[in-house]
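Student: Please take a close look at one part of this structure, the place where the ligand sits. What surrounds the ligand there?

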Amino acid sequence: MTQKAYITTPIYYPSGAPHVGSAYTSTAADVWARFKRSDGFDTKFLTGTDEHGLKLQRKAEEAGLTPQDYVDDMSTQFRALTDIMNLSNDDFIRTTEPRHHKAAQAIWQKLAQNGYIYKDTYSGWYCVSDEAYYDESELTEQDGKKIAPSGHPVEWMEEESYFFKLSAFEDKLLALYEEQPDFIQPNSRRNEVISFVKSGLADISISRTTFDWGIPVPNDDKHVMYVWIDALTNYLTADGYPNELNYWPAVHLVGKDILRFHAIYWPAMLMGADIDTPRKVFAHGWWTSEGKKMSKSFGNVVDPKEITEEFGIDAVRYFMLREVPFGNDGDFSRERMINRINTELANDLGNLFQRVLSMVQKNCDGKTPALGTLSNEDKALLELAQKALDATQQEIEALAFHKALDAIWEVIDAGNKYMDAVRPWELKKTNPAQMAHVLRVLMESFQIIAVLVTPFMPESGEKLLSQLGISGTCISDLSALPNLKEGTELPVPQGIFPRIDVEKAA
Ligand code: ME8
């Protein structure tokens, strides 16, 4: 039976244009999904927009629109991320869709039936920008105003509300983290969550009565659901809930600021509704831009559309996943990006392919050359490529994208060293058959490189594959090397990774 894989991004608030944060999570999820598909998994990749709540209601009021008109318009900008970043998402969910209303009401009813929902009065602090409740002890004061850890102001709230009995899940959550040690990643974040849960969980308010832009609570439409209860359920909606689930459980990629919702509230809700908990929740870090927090007032906000138009989609995708270990914070620096494009993509990878394939074109009749007997040196290169294949599979499973790229670049570096050692341009005069042989050995390693870079850089990867005469080859097609077909007609190689002119870019 084909194995299944399911990955999700947070559903984004369409309250402003997509920024580098949304582009980042979506790209990481896309690389994972493309990799799993290439590796033979039946894969589902979900993203979408989170369209209810007071924040969006207020944004719509400011824009002079109804909330529905406002989100209809804004969510198209997020749907456009699919083209901007070349995403392969299988679905795009909007929480205002009827299928989602149905699912959110169904999970509410299940939790109510199981005795985990009760009515009371809520009084406490609420941050509309974060759509989150905070305890007094978490707040700081600024100019006489109370401020949430995110830096946004909070408001006092006091109203009748339904509550979810989160406190009933303390032990069950701790048992989950214990039994499934990679449930929360990276480990530093896992430890933070565990100590938070150990410090005691209070029940959470899950409905509001003072505004109405939300999903009505079943049998009590004076209340709308708390936006996070509604939003988290999207991951089930898109998989068919309340009907049979197909791909669940999912791997959730989230920013570190929303880990608590995904690693505490969400598994507790699922346990309360008798549904399997997620496979994993991975919290990635935050990007600054040129060393500073991204903000309109600094004028340093990185716009995914502008940056991909300037440098190319593949180069930006590569930079995001190579520059920062997934899980750490990182800085978006143009200088570092240009440097990586010029050295790692244009020089190391692009030049290597170009040098070898141009020689094949000129000296081997433009066809995959014959292979002689493998020397130890040849075998070492091919073994390294095979090893990179295994390493990449493991690193992608662990969401260690930078390490997967390291493993691929080890083969690229070894290919460059091999080329310099065997000097095919000299063999051309002295031993043409040996020249053909070493070029073929390099081409054998290239197919693994090309197949493995394709999920990161889909367009360039496909171009590399077609230069090798093996368009469309997947990880699951790769058998033991050598396996290329001698005599395959090859296209005239074209440069794939243009160098950036540093002065012009400045
Ligand atoms: O939180 N660097 O939506 P959102 C990296 N609707 N990531 C960043 C970032 C940055 N500079 N700025 C923001 C929500 N993010 C909810 C999710 S899921 C059921 C509901 C990330 O649009 C942030 O960490 O405010 C978060 O993961 C994501 O952008 C979406 O944030």
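Tutor: The answer below goes through the surroundings of the ligand, step by step.

This is a predicted model, in which local features need pLDDT of at least 70 and side-chain atom pairs count only at pLDDT 80 or more, while totals for chains, interfaces and linings use all residues. Residues are numbered from 1 along each chain as its sequence is written, and side-chain values use heavy atoms, with hydrogens and water left out.

Around the ligand there are 20 residues, of which Ile11, Asp50, Gly255, Asp257 and Trp287 come nearest; a residue counts as near if one of its heavy atoms lies within 4 Å of the molecule. By class, this shell has eleven nonpolar, seven polar and two charged residues. Here Ala, Val, Leu, Ile, Met, Phe, Trp, Tyr, Cys and Pro count as nonpolar, Asp, Glu, Lys and Arg as charged, and the others, Gly among them, as polar.

Helix H8 (227-232) and helix H9 (234-237) each supply at least two shell residues. The largest share, three residues, comes from H8. Helices are DSSP runs of H or I with at least four residues, numbered from the N terminus.

Next come the polar contacts, pairs of N or O atoms within 3.5 Å. A backbone N or O atom of Tyr13 is 3.1 Å from a ligand oxygen atom. For Gly255, a backbone N or O atom lies 2.9 Å from an oxygen atom of the ligand. At Trp287, a backbone N or O atom is 2.9 Å from a ligand nitrogen atom. The protein covers 91% of the 670 Å² of accessible area that the ligand has on its own, as given by the Shrake-Rupley method with a 1.4 Å probe.

Technical notes
A polar contact is a pair of N or O atoms within 3.5 Å; within protein, one must be able to donate a hydrogen and the other to accept it, and residues adjacent in sequence count only if both atoms are side-chain atoms.
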